[in-house]
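Work through the exercises below with the structure open. Try each task before reading its solution.

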Amino acid sequence: MELGPYVSNLRQELAVAAEAGGEDARALADRLTAPLESATRLVLLDALSAAADEITRDLAPGSVHVRLRGREPSFVVTPPPAEPLEDEPGAAAGALPPPAPAPDGEEGAAARINFRLGEHLKGRIEEAAERAGLSVNSWLVRAAAAQLDAVGQSPPVPGRAARGSERFAGWVR
C-alpha cells in the first residue's frame, strides 16, 4: 500500500487552507510540509496498525499484520482455517481445535510472552504451522489452548495426587 498519495493529498489540503490566510500563511505552509511528511506517515502507520489489531480481534483465530517494506506498509493476512468435517483427514486427533473464547473482560486483550526453545523444536513448530496454513504465533496459541482444554477435560487419574499433595488414593491388600 502506497502512503504517498495520502501524504500528497494532505500537503495539497494544507496548501488550500493556507491560501485563505494570505502570503504569510502560504509561506509557513510551504516550510511545514516537508517536516510534516514523516509525521504524517507515522500517524498513518499507527492508524493502519490499530485497524489491523481490530480486524485481528474480529478474525481470530486468523490474523492481520502490518509489515513495513522500505517506507511503505503491506498487509499479511492469515485467514482462519476452514472447519474440517469429521470425515475429512484433517479432523484426525492431531488437528488442533480452535482456541476457546476469552473469558469475560478479556475480549481483545493480548499479552506477549518470550520463551526459549531448541532449534530442532523451533523447526518442527514452523513446519507444523506451515502445514496448517497458520503463522507460528497462531499455531502456538491454538496448540496451547488445545492442550489446556485437553488437560481441563481429562478425568483425574486414580491413585495419582496433585503435585505437593499428601493425599493418597487406591487399594491396599
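**Exercise 1.** Which residues make up the largest nonpolar core?

*Solution.* Note that the model is predicted. Now list the members: Ile 125, Ala 128, Ala 129, Leu 134 and Trp 139, five residues in all. Next, assign them to elements. Helix H3, residues 119-132, gives the largest share of this core, three residues. Then take Leu 134 and set aside its neighbours within four places in sequence. Leu 134 still contacts Ala 129 and Trp 139, and also Thr 78, Pro 81 and Arg 142.

**Exercise 2.** Place Met 1 in the chain and classify its exposure.

*Solution.* Start with position: Met 1 sits in the segment before helix H1, which spans 4-19. Then take the relative accessibility of Met 1, 42%. Buried means under 20% and exposed means over 50%. Met 1 therefore counts as partly exposed. Finally, look at its surroundings. Met 1 joins Tyr 6, Phe 75 and Val 77 in a nonpolar surface patch. Together the four have about 400 Å² of accessible area.

**Exercise 3.** Describe the chain as a whole.

*Solution.* Count the elements: four helices and two strands. Read them in sequence order to get α-α-β-β-α-α. Turn to burial: of the 173 residues in the chain, 14% are buried. The chain exposes about 14000 Å², with 56% of that supplied by carbon and sulfur atoms. Last, check contacts with a separation of 6 or more: 47% of them join residues 24 or more positions apart.

Terms used
Residues numbered from 1 in each chain as written. Predicted model: local features only at pLDDT ≥ 70, side-chain atom pairs only at ≥ 80, totals over all residues. Heavy atoms only, no water. Patch = residues over 30% accessible without salt bridge, like charges linked within 9 Å, V, L, I, M, F, W, Y side chains within 5 Å. Areas by Shrake-Rupley, 256 points an atom, 1.4 Å probe, with all protein chains shown as cover. Salt bridge = Lys/Arg side-chain N within 4 Å of Asp/Glu carboxyl O. Buried < 20%, exposed > 50% of the residue type's maximum accessible area, 1.4 Å probe, protein only. Contact = heavy atoms within 4.5 Å. Core = buried A, V, L, I, M, F, W, Y, C linked by side-chain atoms within 4.5 Å.
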